[in-house]
Amino acid sequence: MGFDASHLKALDCTLRLFVIPLSIASIWLSVTNQQNNISYGKLEFTNLTGLKYMVGISAASGGYALFTAIALWVRGLVTKAWFFFVSDQLVAYLMVTSLAAIWEILYLAYNGDQMVSWSEACTSFGKFCSRLKLVLVLHAITLCCFLALAVISAYRVFSRFQPPSKDNEEEKEMH
């Protein structure tokens, strides 16, 4: 495909390092997010299980990104391309699930759920919802980075194999 291996490695490492401050920022914004309302009380991070899940996934993905960025440059730490392929896929999927959890929290906070008598909460807790939207954006950017990393690691694994040739296809048809 014309990719220079050193450029691909630099892009890979840059994306992994870029994920770390994004993860830290989304964790910090989530954990410190709270708002007190005279009528309804205090809403904070610990009240929402989905937000705790997202913080856990962000912490794990940030730690993983740091470990793998180091592993790219330290020979012998992790030498198997399959490790990066499988683990990048796994982290990307976990990021999708945690992004869905934040999306659901925001949806319910803005719209409520009339079927179960939940009213929307963002008119009463506007600051909390605004910060949560920022967390959603940071987490979505982090997910995009992990999706790109999953593609890069897949390229590294599968570029080692030769594509099927026309001769091989003709031999299979004959047998």
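Trainee: Which element gives the most to the lining of the second largest pocket?

Mentor: Helix H3 does, with four residues. Keep in mind that this is a predicted model. Helix H3 covers residues 81–111, and the elements giving two or more residues to that lining also include helix H2 (49–73) and helix H4 (126–158).

Trainee: What makes this a pocket rather than a cavity?

Mentor: The way out decides it. In a cavity a 1.4 Å probe fits but cannot get out, whereas a pocket is an open set of points. The volume of the second largest pocket is about 380 Å³. Its lining has 20 residues, with Leu108, Ala109, Ser119, Glu120 and Ala121 lying nearest the centre.

Trainee: How do the residues of that lining divide into nonpolar, polar and charged?

Mentor: Twelve are nonpolar, six are polar and two are charged. Glu120, one of the residues nearest the centre, is charged because Glu belongs with Asp, Lys and Arg in that class.

Trainee: How many cavities of 30 Å³ or more are there?

Mentor: One. The largest cavity has a volume of about 30 Å³. Asp12, Ala81, Phe84, Ser153 and Arg156 line it, and H3 and H4 each supply at least two of the lining residues.

Trainee: What makes two residues of that lining nonpolar?

Mentor: The class of each residue type. Ala and Phe are on the nonpolar list, so Ala81 and Phe84 are the nonpolar pair. Asp and Arg count as charged and Ser falls among the others, so Asp12 and Arg156 are charged and Ser153 is polar. That agrees with the division into two nonpolar, one polar and two charged.

Trainee: Why is Ser153 called buried?

Mentor: Its relative accessibility is 2%, and buried means under 20%. Ser153 therefore counts as buried. This residue is found in helix H4. Leaving out residues up to four places away in sequence, Ser153 touches Phe84, Phe85 and Asp88.

Trainee: How do you know that the side chains of Ser153 and Asp88 form a polar contact?

Mentor: The contact between these side chains is 3.2 Å, and the cut-off is 3.5 Å between N or O atoms, one able to donate a hydrogen and the other to accept it. The pair is accepted as a polar contact.

Trainee: Why is the pair Arg16 and Asp12 called a salt bridge?

Mentor: The closest N and O atoms are 2.5 Å apart. A salt bridge needs a side-chain nitrogen of Lys or Arg within 4 Å of a carboxyl oxygen of Asp or Glu, so the pair qualifies. Arg16 and Asp12 are four residues apart in helix H1 (residues 5–31), which means that about one helical turn separates them. In general, side chains of opposite charge can pair when their charged atoms come close.

Trainee: Are Arg16 and Asp12 buried or exposed?

Mentor: Both are buried: Arg16 has a relative accessible area of 0%, and Asp12 has 1%. Each value falls under the 20% limit.

Trainee: What makes the contact of Arg156 with Asp12 a link between distant parts of the chain?

Mentor: Arg156 is in helix H4 and Asp12 in helix H1, 144 residues apart. Their side chains meet in a salt bridge of 2.6 Å, N to O. Another salt bridge, 2.8 Å from N to O, joins the side chains of Arg16 and Asp88. Since Arg16 lies in helix H1 and Asp88 in helix H3, that pair ties together parts 72 residues apart in sequence. Asp88 is buried, and so is Arg16.

Trainee: What joins Asp12, Arg16, Asp88 and Arg156 into one network?

Mentor: Salt bridges that share partners. Asp12 pairs with Arg16 and with Arg156, and Arg16 pairs with Asp88 as well. The count of salt bridges is four.

Trainee: Why is Leu94 called partly exposed?

Mentor: The value is 32% relative accessibility. Partly exposed lies between the 20% and 50% limits, so Leu94 belongs there. Leu94 lies in helix H3. Apart from neighbours within four places in sequence, Leu94 is in contact with Tyr53 and Ile57.

Trainee: How many helices and strands does the chain have?

Mentor: Five helices and two strands, running α-β-β-α-α-α-α from the N terminus. Of the 175 residues, 40% count as buried.

Note on methods: Residues are numbered from 1 along each chain as its sequence is written. This is a predicted model: local features need pLDDT of at least 70, side-chain atom pairs count only at pLDDT 80 or more; totals for chains, interfaces and linings use all residues. Side-chain values use heavy atoms; hydrogens and water are left out. On a 1 Å grid over the protein atoms alone, a cavity is a set of points where a 1.4 Å probe fits but cannot get out, and a pocket is an open set with protein on both sides within 12 Å along at least five of seven lines; lining residues have an atom within 4 Å of a point. Grid points are joined across faces, edges and corners, and a volume is the space filled by probe spheres set on the points. Buried means under 20% relative accessible area, exposed over 50%, partly exposed in between (1.4 Å probe, protein chains only). Contact means heavy atoms within 4.5 Å.
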